[in-house]
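Please open the model in your viewer and set the side chains to sticks. The tour below moves from one charged pair to another and says what to select at each stop.

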Amino acid sequence: MKRTEIKSLLQTNEFNGMVNVKGWVRTKRGSKNVAFIALNDGSTIHNVQIVVDVNQFDVKKLEKVTTGAAISVNGQLVQSKGKGQTVEIIAEELEMLGEADPNKYPLQPKKHSLEFLREIAHLRFRTNTFGAITRLRHAMIFAVHKFFTERGFYNIHSPIITGSDAEGAGEMFRVSVLDPKNPPLKEDGSIDFKKDFFGKETNLTVSGQLEAELAALALSKVYTFGPTFRAENSNTPRHLAEFWMIEPEVAFNDIHDNMDLAEEMLKYLVQYALDNCEDDLDFLSKRQQDAEKDKKQDERQMELIEKLNFVLAHDFERITYTRAIDILRNSKPNKKGKFVFPVKEWGMDLQSEHERYLVEKEFKKPVIITDYPKKIKAFYMKQNDDGNTVRGMDVLFPQIGEIIGGSQREEVYDKLYARIKEMNIEEKTLWWYLDTRRFGTVPHSGYGLGFERLMIFVSGMSNIRDVIPFPRTPQNAEF
RNA sequence: UCCUCAGUAGCUCAGUCGGUUAGAGCAUCUGACUGUUAAUCAGAGGGUCGUUGGUUCGAGUCCAACCUGGGGAGCCA
């Protein structure tokens, strides 16, 4: 008999005949004559209830039906007599697919801490929370491709192994096939990477931006969505060593078009989640509300779905770095000396306490900051006429901080070249990038969205390690 | 990497001023119960107190180092 997914079973209105369901047991409870099995197959967060007339089944077989076991059940689909569910299955045949010894199986029908579940990441898919996150994550991946496809973008697979640390975005993971104990050496004693696989030193990518720019300067609208690797020793709830990044790059777009695209995309993704993941968001909302109970009143977050709707309903605040500094300088916490890093002069980098203040206290909604001092930003950002600032933009979200970083790119060869020299970047490794400014260069813009940071926001989870199946962080690559 | 908090049963935690045989809830097991909703009720089993060293007549408790985890900071998306 063909398996029916629980998701479609629960939506059915037809109650005639047998069905087959397969899945994993969440709980079994009952009395002398009747037992109830809550079964889940991952197609939805909801379980289907299996009703078992204990007297019609082998006692030993039923004993093995414990939390975590996989079973297949044939039975009549009927309207439920009990409260709490509309339909249920009256079991006629029950087949054990895979037992789960209750004395060894670590998941119990009770609440587990997220820290504990991280230690059993191979099994945490089987919890409501991680089922919901996994389905939501898929929906967001799909929505990203849908958004860009609907707008005429082409997806680019930028290389994962790269030969240059072009962006200077962070420490890199080396890719090498040389014997680490006995590498070939040059005469001066340094490692001879000419003998390595690619004939040069190579690393895992820290960004697909530069390659995306090359494609944008031919196809006009492109985006990448791939894995990104940073070997920074970052230990925070917002950083991963391996994460997924979305990087659109658009020819002929200026910084304002870029902001429009970023805001439109974020709102599209949030709307898509609300439209397509209602059940999972409801669960995640309850989960979050539960977690919030332990926090102080003023530290509590807005309810998840309310928060998502709030973002949709309001325009992001767009301010320049200069204005941000003005606001911060005159803010109460700055005057009262509450900031760990007091805001004094123009030119300083904004600390996360400052970004937080702007987003959570001053504007109470997402904020886009533009026109940063060129000293604190990357070499490729378009220089303004004032000579001091560049057309960079950071989109700041509550709790997360920087969810998007982007800019209009410097398209004028001489200016870009001068900046490369100023910042002591090896121009030899960037000849191909510079070439695009020599042949048919045009203004263009783009940005990078950290996919897991988006997931934090949409799911209401507070730690980035809980929105990716197998997080890679310093000292942790177990699964 | 820095600051800070924590590590006690399968899980979540309590453990007073350093003092007898280290406790609870949940989970598990056994029994009871005619439809339960994280079922309920009764009982039972379950411990290298993160590791190593030190102080002490005596350490879960005090000290040191290390390991692991949380939160904050930096780096950034």
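**A tour of salt bridges**

Begin by selecting Lys421 and Glu427, whose side chains meet in a salt bridge with an N to O distance of 2.5 Å; bear in mind throughout that this is a predicted model. Lys421 is partly exposed, at a relative accessible area of 44%, and Glu427 also counts as partly exposed, with 25% relative accessibility.

Next, select Asp260, Glu263, Lys267, Asp315 and Arg318 together, since salt bridges that share partners join these residues into one network. Within this group, keep Asp315 and Lys267 highlighted: their side chains form a salt bridge at 3.9 Å, N to O. The two residues come from distant parts of the chain, 48 residues apart, with Asp315 in the loop between helix 8 (304–313) and strand 12 (317–320) and Lys267 in helix 6 (residues 255–276). Colouring by accessibility separates the partners, as Asp315 is exposed, with a relative accessible area of 56%, whereas Lys267 is buried, with 16%.

Then move to Glu410 and Lys382, where the side chains meet in a salt bridge of 3.3 Å, N to O. Glu410 sits in the loop between strand 15 (401–408) and helix 12 (413–422), and Lys382 in the loop between strand 13 (367–373) and strand 14 (389–397), so this pair ties together parts that lie 28 residues apart in sequence. Are Glu410 and Lys382 buried or exposed? Glu410 counts as buried at 0% relative accessibility, and Lys382 is likewise counted as buried at 10%.

To continue from here, display the full set of salt bridges, of which the structure holds 29.

Note on methods
Residues are numbered from 1 along each chain as its sequence is written. Chains are lettered from A and ligands numbered from 1 in the order in which they are written. This is a predicted model: local features need pLDDT of at least 70, side-chain atom pairs count only at pLDDT 80 or more; totals for chains, interfaces and linings use all residues. Side-chain values use heavy atoms; hydrogens and water are left out. A salt bridge is a side-chain nitrogen of Lys or Arg within 4 Å of a carboxyl oxygen of Asp or Glu. Helices (H or I, at least four residues) and strands (E, at least two) are DSSP runs, numbered from the N terminus. Buried means under 20% relative accessible area, exposed over 50%, partly exposed in between (1.4 Å probe, protein chains only).
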